[in-house]
Amino acid sequence: MERYICIHGHFYQPPRENPWLETVEVQDSAHPYHDWNQRVTAECYAPNARSRILDEKNRIVQIANNYSKISFNFGPTLISWIEKNAPDLYQALLEADKESQKNYSGHGSALAQAYNHMILPLANRRDKYTQIIWGIRDFEYRFDRQPEGMWLPETAVDLETLDILSQQGIRFTILATHQARRIRPIGSTKWQDVGGSKIDPTMVYKLRLPSGRDISLFFYDGPISRAVAFEHLLGKGESFIQRLMNGFSESRTWPQIVHIATDGETYGHHHRFGDMALAYALNFIETKKIARLTNYGEYLEKYPPFFEVEIYENTSWSCTHGIERWRSNCGCNTGVHAGWSQAWRTPLRDSLDWLRDAMETAFEKKAVALLKDPWKARNDYIQILLDRSPKNIESFLTRHALHLLDNSEMITVRKLLELQHHAMLMYTSCGWFFDELTGIETLQNLHYAARVLQLAKELFGYNLEPRFLPLLSQATSNLPEWGDGRLIYEKIIKPSVVNLEKVGAHYAISSLFNDYPEKVTIYCFTAEKEDYQTSEAGKAKLVIGNVWITSEISSEKTRLTFGVIHFGDHNLSCGVREYQEEGIYQALVQEAFDAFKRGNLPEVVRVLDKYLGISIYSLRSLFRDEQRAILDSILGSTLADAESYYHELYEDHVPLMRFLKDAGIPAPKALYAAAELVLNAGLRQALENEDLNPKSIKDLLEEAKIEGVTLYAETLEYSLRKNFDEMAEQLSKNPLEVSFLKKLDTGLDLLPLLPFTVDLWKIQNLFYDLLQNLYPTVREKAQHDKSVQEWVIIFRSLCDKLTLLVQ
């Protein structure tokens, strides 16, 4: 009897974008990466697209795209980020789905997912429809086919959700075995209880729905999945294979499918090199033919259900209490913070439910005057989220608008639908999953709620905050300094709200440090310069101008007047207001520049206050990435001075520090700190240098060893890796340039000297591709052309240093 294996990876990150800027801002907790999406991509998503298969000598013999051999889903909000920020990975995912169709009888391995990982049994019916429709449309846009299956967030399930899936053409989904209640052979009337995970997971089941529809259900193997996710089964590929094979039984009389499901991040992010264990297992199973790899769509076509099943509703894979983890203090948490309470979950959900319902009637009333069917328009709005081109927006409005809309009406429609967009994003499941109200995932949901409140006020003319915040205040933080949800909202969330004026302030302040063109894109806004006047005196600088700020999301625009006085370093004052009239603007320019020329900076500030009002902005007002870049620039000379001082202090006291070490006496903390800073800074700069100097680096490493200094391994590794990545980029453009090979050879000679391992993933990928595609031709040419023989010799040497097998 045939044996099949299917491995499913649920690849997902919560949406992390700033709701107003639609970009992920810097997240310091992800250091040395810019943000967590970038970090997990480097550790997991990208490696699985190019995973190493090693021989017995740990040499790379093959680089495989794991996605083409497994079943997988990527959350729509995550894959949207990947499309923009990791285009090579994005293409690899699309190619993997096409390749899997060739491998698995025309069935692609990619599954859809409900849009932003909302817990669907806790959603109202309209939101369920939109989440599922958006997930399907997003999938079709990317993979150019209809999805056969859909991953339910946290496998949280109820019959209404499954009925909507079936209605929308989804053929199957995947659940945990403990979610099955009872089964019976199709055509039989006798049910068998399978509660407590007693269902056999090696076949597919049919669920008959109250509507008369049906859907197929796969129940993944729980023990093997847990071993992969939590019991370090990926530590050894052979053990992984054996455990999968142990899932089969000779006593079964049907073609068995042993299948597992885990978070995709298991393969690399949660377990380092997990992608390689997966690649090894897939390759071994396939080449040794001990079982047949498949995906759910192929197995379902070959072996339709012969048992039907009923499920336990309102259950999930990650909460033993059903779906309580996303609405109550059920006891499920990360286990990291003993004694903490998650009682905040209930008032958080209650407050968001209230907000959603409070603006529903107003939404309908406003939208029904402009749209044929506001809720159908919302379901179709995914088309705009995927493509905001003017042509696509026009097509959308042609389908949904009641009449030809004027500009004001078009802005209103787009704002109404953005309100609905964020009203769903604020329910992203991760906001409840973790332990604390001030966790970044929960704060992200509150930012979405703030965007809903802002749009509601602009659209409907009333402020819902006074009624929303008392509800939110019932959510209590575990951290005394943060009190409750109201304080958190007022201290963290509300100051981050963005409007056109704040974008204008960002433009004005950042223009002091950037030479902007006439028109510039600032995230999802455009700034078009109308007038810009400036004057400098020593460190001081004054800028006054007019600018048009336009939102690319709503097409709303405004004309602003701004003035900025920079006193030097981080000290500045900025005022912004709507443009009034030319006479007032010219009076501002005249008075401010007159005072500036006289050196009367306090008077300049008074003039700005007089004409631009009391909305004063500073460096704190900048969006985070630009703020960080400007502060780095400002701090550059200060840090250079500090490093120079510490370097002098260290050099003056090196003999004393070595004497103390020889005498067994700890160096004073001040001297040790100086040594640590100087040597790490020196190494970082040396490893970032385009022309690596092995002797200098070796001397610094030896000095650090003598002084007993702790090296910042993560930062130093990242610096050298990025240098290697730049070399790889340079070489990829001209792979036959011998000087590039020699430069890289010098860098790789450093590796045995370093007290840390450098990730050579990108450069290994390049050399593997060259080995497959370019090397055979050049090697052939070298047999009768001495000019390329040196290239072949150096290339083979580099492959050896990169642990690539050359045959």
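**Helix α17, the second largest pocket and local backbone features**

With 21 residues at 1.5 Å a residue, α17 should span 30 Å, and the distance of 30 Å between its end C-alpha atoms agrees with this expectation. The model in which this helix is described is a predicted one. Helix α17 is mostly covered, in that 18 of its 21 residues are buried, and just after the helix Gly 461 takes a positive phi of about 80°.

Helix α17 also takes part in the lining of the second largest pocket, where the elements that give two or more residues are α1 (36-49), α6 (222-230), β12 (256-263), α16 (430-433) and α17 (440-460). The space in this second largest pocket amounts to about 1,300 Å³, and of the 45 residues that line the pocket, those closest to its centre are Phe 230, Asp 263, His 270, Ser 318 and Phe 433. The element that gives the most to the lining is α6, with six residues. When the lining of the second largest pocket is divided by class, 17 residues are nonpolar, 21 are polar and seven are charged.

The cysteines were examined next. A search of the whole structure finds zero disulfides. For Cys 6, which is in no disulfide, the nearest cysteine sulfur is that of Cys 44, at a distance of 17 Å; Cys 6 is buried, since its relative accessible area is 1% and the cut-off for a buried residue is under 20%. Cys 330 is likewise in no disulfide, and the nearest cysteine sulfur, which belongs to Cys 332, is 3.8 Å away. Because a disulfide requires a pair of cysteine sulfur atoms within 2.5 Å, the distance of 3.8 Å from Cys 330 to Cys 332 does not qualify. Cys 330 has a relative accessible area of 17% and is therefore also counted as buried.

A polar contact is found at Glu 148, a residue in the loop between α4 (125-143) and β6 (150-151). The side chains of Glu 148 and His 107 are joined by this polar contact, at 2.8 Å. Glu 148 counts as buried, because its relative accessibility is 14%, under the 20% cut-off.

Several loops carry backbone features that call for separate description. Most residues other than glycine have a negative phi, and most peptide bonds are trans. Against that background, the peptide bond from His 31 to Pro 32 is cis, with omega near 10°, and Pro 32 is found in the loop between β1 (3-11) and α1. A positive phi in a residue other than glycine is found at Asn 58, where the value is near 60°; Asn 58 lies in the loop between β2 (51-54) and β3 (60-64), and with a relative accessibility of 52% this residue counts as exposed. Asp 569, also a residue other than glycine, has a positive phi near 55° and is found in the loop between β18 (557-568) and β19 (571-578). The relative accessibility of Asp 569 is 43%, so that this residue counts as partly exposed.

Technical notes. Residues numbered from 1 in each chain as written. Predicted model: local features only at pLDDT ≥ 70, side-chain atom pairs only at ≥ 80, totals over all residues. Heavy atoms only, no water. Buried < 20%, exposed > 50% of the residue type's maximum accessible area, 1.4 Å probe, protein only. 1 Å grid on protein atoms, 1.4 Å probe; cavity = no way out; pocket = protein on both sides within 12 Å on 5 of 7 lines; lining within 4 Å. Points joined across faces, edges and corners; volume = space filled by probe spheres on them. Helix = DSSP H or I, 4+ residues; strand = E, 2+ residues; numbered from the N terminus. Nonpolar A, V, L, I, M, F, W, Y, C, P; charged D, E, K, R; others polar. Expected span 1.5 Å × (residues − 1). Polar contact = N/O pair within 3.5 Å; in protein donor to acceptor, adjacent residues only side chain to side chain.
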